[in-house]
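Biologist: I'd like to learn how to read a model like this one, feature by feature. Could you take me through it?

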Amino acid sequence: MKERLLALKEEALQELAQVANQQQLNDLRIKYLGKKGPLTEILRGMGALSAEERPVIGQVANEVRGAIEEVIEAKQAEYTAAETEARLSAETIDVTLPGRPAARGAVHPLNKVIQEIEDIFIGMGYTVAEGPEVEQDYYNFEALNLPKNHPARDMQDSFYITEEILMRTQTSPVQVRTMEKMNGRAPVKIICPGKVYRRDDDDATHSHMFTQIEGLVIDRNIRMSDLKGTLLQFVQELFGSGTQIRLRPSFFPFTEPSVEVDVTCAMCGGSGCRVCKQTGWLEILGAGMVHPNVLEKGGYDPQEFTGFAFGMGVERVAMLKYDIEDIRHFYTNDLRFLKQFVHL
Ligand code: PHE
């Protein structure tokens with residue numbers, strides 16, 4: 001029996017020496033140490049041995065079992081280490097790879113110009129007001145001295161929603177809303193940026209929706225020279241200190257007198273170029289002294305109060321400032337266009 005045990009050990013160790021993978025090792029573990037293996041069988045047969053033989057054989061059997069186990073454990077440790085190693089190297093993160101850049105948004109060029117203009121007027125003590133884009137005929141026209149059937153309504157072809165409600169054609173209705181809110185108090189000093197809508201066919205210089213900034217000042221003793229000085233200060237901050245303005249007589253129903261305001265061309269400095277069509281001047285604003293009828297409708301006594309108002313197209317200002325040739329670029333959200341303003 002002792003010989004059988006020793007032969008078994010030899011055989012097992014030889015086979016274990018040939019083991020090539022985890023599966024074979026598992027098979028051998030079952031074959032030699034499993035419940036149906038030869039070692040178990042021998043140990044079970046120990047009852048038939050004599051009292052002298054039993055401890056001797058028992059000891060040999062334990063030795064054989066120990067020797068086989070030792071080799072299996074050593075092999076198992078090798079396989080476990082190799083497997084861990086393989087997993088670790090497969091899972092390695094290469095921290096030296098360049099990162100994927102996250103796309104960053106940026107302020108739209110129109111909003112940038114609005115912010116810049118707001119900053120200039122806030123610096124002069126103005127506050128920013130807002131009004132609805134869907135507006136009542138009363139605020140958009142009537143209270144601005146444009147009664148129904150007034151021919152000047154044709155200057156601004158409108159999108160009507162009902163007889164009395166329309167998409168505002170200008171930011172001027174915010175003048176009236178502000179006066180109502182102020183309830184006769186003075187001074188009023190506001191600017192109002194916002195979208196306006198007109199029934200125009202879209203092309204390089206026209207859009208059915210565009211952006212205006214309105215200004216309104218009301219107080220005692222406000223004069224035309226206040227308007228002129230304010231606008232000169234404004235354009236010099238916006239376009240540069242060398243910029244000049246020129247006022248030309250014009251007509252708006254809600255101002256009297258009314259003017260159109262030109263600035264010296266920012267592209268050529270006034271010498272004449274393609275942008276200013278060789279005139280040296282660019283029209284950017286409509287303005288004037290608030291009409292007495294408008295003051296009265298807004299709750300201000302025209303005998304006591306005077307004021308000025310102005311309105312400008314933000315797209316036009318942005319197009320001049322950044323030499324943009326087509327107004328539609330502002331609305332089509334082409335990233336190739338928008339990306340050019342990220343760092344401005
Ligand atoms: N609302 C006028 C327009 O859209 C501009 C303007 C505003 C003119 C204020 C005078 C005073 O054409």
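Modeller: Let's go through domains, empty space, an annotated site, a helix and some backbone oddities in turn.

Modeller: First, the ground rules: this is a predicted model, where local features need pLDDT of at least 70 and side-chain atom pairs count only at pLDDT 80 or more, while totals for chains, interfaces and linings use all residues. Residues are numbered from 1 along each chain as its sequence is written, and side-chain values use heavy atoms, with hydrogens and water left out.

Biologist: Which domains does the assignment give for the protein chain?

Modeller: Domain bounds come from an automatic or database domain assignment. Here that gives domain 1 at 2–90 and domain 2 at 109–341. Their centres, taken over C-alpha atoms, are 96 Å apart. UniProt, in an unreviewed entry, puts "domain: Aminoacyl-transfer RNA synthetases class-II family profile" at residues 111–340. Keep in mind that UniProt positions are in the numbering used here, feature names are shortened, and annotations may be inferred rather than shown by experiment. The span 111–340 is 27% helix and 28% strand, and its end C-alpha atoms lie 14 Å apart. Helices (H or I, at least four residues) and strands (E, at least two) are DSSP runs, numbered from the N terminus.

Biologist: And empty space? How many cavities of 30 Å³ or more are there?

Modeller: The general idea is that rolling a probe the size of a water molecule over the atoms shows where empty space is left. On a 1 Å grid over the protein atoms alone, a cavity is a set of points where a 1.4 Å probe fits but cannot get out; a pocket is an open set with protein on both sides within 12 Å along at least five of seven lines; lining residues have an atom within 4 Å of a point. Grid points are joined across faces, edges and corners, and a volume is the space filled by probe spheres set on the points. In this model the count is 1 cavity, with a volume of about 40 Å³. Its lining includes Phe141, Met155, Phe252 and Phe254. By class that lining has 7 nonpolar residues, 2 polar and no charged. For the classes, Ala, Val, Leu, Ile, Met, Phe, Trp, Tyr, Cys and Pro count as nonpolar, Asp, Glu, Lys and Arg as charged, and the others, Gly among them, as polar.

Biologist: What about the largest pocket: which residues are closest to its centre?

Modeller: The largest pocket holds about 1400 Å³ of space. Of its 47 lining residues, Thr205, Phe210, Glu283, Gly313 and Arg316 are the closest to the centre. Elements that give two or more residues to the lining are β5 (209–219), β7 (255–264), β8 (281–290), β9 (306–313) and α10 (314–322). The largest share, 8 residues, comes from β8. Sorted by class, the lining has 19 nonpolar, 14 polar and 14 charged residues.

Biologist: Which residue does the "binding site" annotation cover?

Modeller: In the unreviewed UniProt entry, that annotation covers Glu256, a residue of strand β7. Buried means under 20% relative accessible area, exposed over 50%, and partly exposed in between (1.4 Å probe, protein chains only). Glu256 counts as partly exposed because its relative accessible area is 48%. Contact means heavy atoms within 4.5 Å. Leaving aside neighbours within four places in sequence, Glu256 touches Met289 and His291.

Biologist: Back to α10: which of its residues are buried?

Modeller: The buried ones are Val314, Glu315, Val317, Ala318, Met319 and Leu320. Their cover includes α5 (109–123), β5, α8 (224–239), β8 and β9.

Biologist: Last topic, the backbone. Where are the cis peptide bonds?

Modeller: Most residues other than glycine have a negative phi, and most peptide bonds are trans. Here a cis bond runs from Ala186 to Pro187, with omega near 0°, and Pro187 sits in the loop between α7 (173–182) and β4 (188–197). Another cis bond joins Glu256 and Pro257, with omega about 0°; Pro257 is in strand β7.

Biologist: Which positive phi values should I look at?

Modeller: Try Asn145, with phi about 70°, in the loop between α6 (137–140) and β3 (165–167). Then there's Asn221, with phi near 65°, in the loop between β5 and α8. Asn221 counts as exposed because its relative accessible area is 67%. Just after α10, Asp323 also has a positive phi, about 55°.
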